[in-house]
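Hi,

Here is the structure I promised to pass on. Have a look at it first, and then read my notes below.

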Amino acid sequence: MTIELHTWNTPNGRKISVALEEMGLAYKVFPVNITKGEQMAPAFLAISPNNKIPAIVDPDGPGGQRVSVFESGAILLYLGEKTGKFLPTPLIERIPVLEWLMWQMGGFGPIPGQVHHFIALENEQDRAYGLKRFMAETRRLYGVLDRRLAAYEFVADKLSVADFAILGWAWRHERHKVSFADFPNVGRWYDALMARPGVKRGMEAKLD
């Protein structure tokens, strides 16, 4: 049965289209134009109480029941549980997946998102402080990721939903004013992921 993906062309949206493609799940995109405030519509609020994209509706959820899931990290964990893919069962193997997924959700997303905000401001005085603060922290986070990937092929050793989550934001590295020349291990990881057919389809899926 086809999963409904309610989303827009953003890093958080791309996390889910990539995961769906890599997991081989059938899905249909329902664009939610956040530039026009469509995320505030009552129908969307019913499946995403925080009025944020993405959200999914799975007509074949647990026990065959229709279920909705909001928050990209929760969606990735749900899809990993549903398919048994990219989310290891042994707890010792799952721990790093959870660690790096939460690292992305708590830092490598909100912080570069602030760069996106401040870099778009026209008033230089408004831009200056915010850009200095959040670009420095964004680069620090890239450094954390780069050190991890110096020792591992993927962030949790084996390819997992954590990689899909982080990839959604690394995809916007140019907008963050970050060059992979400064973070070569991130660049190697990024190129390897982007060469995967499922990732490519997920990145090319029309979400808007």
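**What sits inside**

The largest nonpolar core has 56 residues, and the members that touch the most others in it are Ile56, Leu79 and Trp189. Helix α7, residues 161-170, gives this core its largest share, with eight residues. A separate core of seven residues lies apart from it, and Trp8, Ile47, Ala55 and Val57 are among its members.

Before you go further, please keep in mind that this is a predicted model.

Trp189 is a good one to click on. Which residues does it touch, if you skip those up to four places away in sequence? For Trp189 they are Leu149, Glu153, Phe154, Asp163, Ile166, Leu167 and Ala170. Asp163, Ile166, Leu167 and Ala170 have numbers that fall in the range of α7, residues 161-170.

**One residue in a loop**

Next, go to Phe180, which you'll find in the loop between α7 and α8 (184-194). Is Phe180 buried or exposed? The cut-off for buried is under 20% relative accessible area. Phe180 has a relative accessibility of 14%, so it counts as buried. Leaving out neighbours within four places in sequence, Phe180 is in contact with Tyr142, Ala170, His173, Val186, Gly187 and Tyr190. Ala170 turns up here again, as it is also touched by Trp189. For a sense of distance, try Phe180 and Arg66: they are 114 residues apart in sequence, and their C-alpha atoms are 42 Å apart in space.

**The whole chain**

Now zoom out. The protein chain has nine helices and four strands. If you follow the sequence, their order is β-α-β-α-β-β-α-α-α-α-α-α-α.

How does the overall size look? The C-alpha atoms fill a box of roughly 50 × 40 × 25 Å along the principal axes. A compact globule of 208 residues would have a radius of gyration near 17 Å, and the protein chain has 17 Å, so the two agree.

As for what is tucked away, 52% of the 208 residues count as buried. Among contacts with a separation of 6 or more, 65% are between residues 24 or more positions apart.

On the outside, the protein chain exposes about 10,200 Å², and 55% of that comes from carbon and sulfur atoms. Then there are the charges: 25 are positive and 23 are negative, and the mean positions of the two sets are 2 Å apart.

That's the tour, so have fun clicking around!

Key. Residues numbered from 1 in each chain as written. Predicted model: local features only at pLDDT ≥ 70, side-chain atom pairs only at ≥ 80, totals over all residues. Heavy atoms only, no water. Helix = DSSP H or I, 4+ residues; strand = E, 2+ residues; numbered from the N terminus. Rg over C-alpha atoms; globule rule 2.2 N^0.38 Å. Buried < 20%, exposed > 50% of the residue type's maximum accessible area, 1.4 Å probe, protein only. Contact = heavy atoms within 4.5 Å. Areas by Shrake-Rupley, 256 points an atom, 1.4 Å probe, with all protein chains shown as cover. Lys, Arg positive; Asp, Glu negative; His and termini not counted. Charge placed at Lys NZ, Arg CZ, Asp CG, Glu CD. Core = buried A, V, L, I, M, F, W, Y, C linked by side-chain atoms within 4.5 Å.
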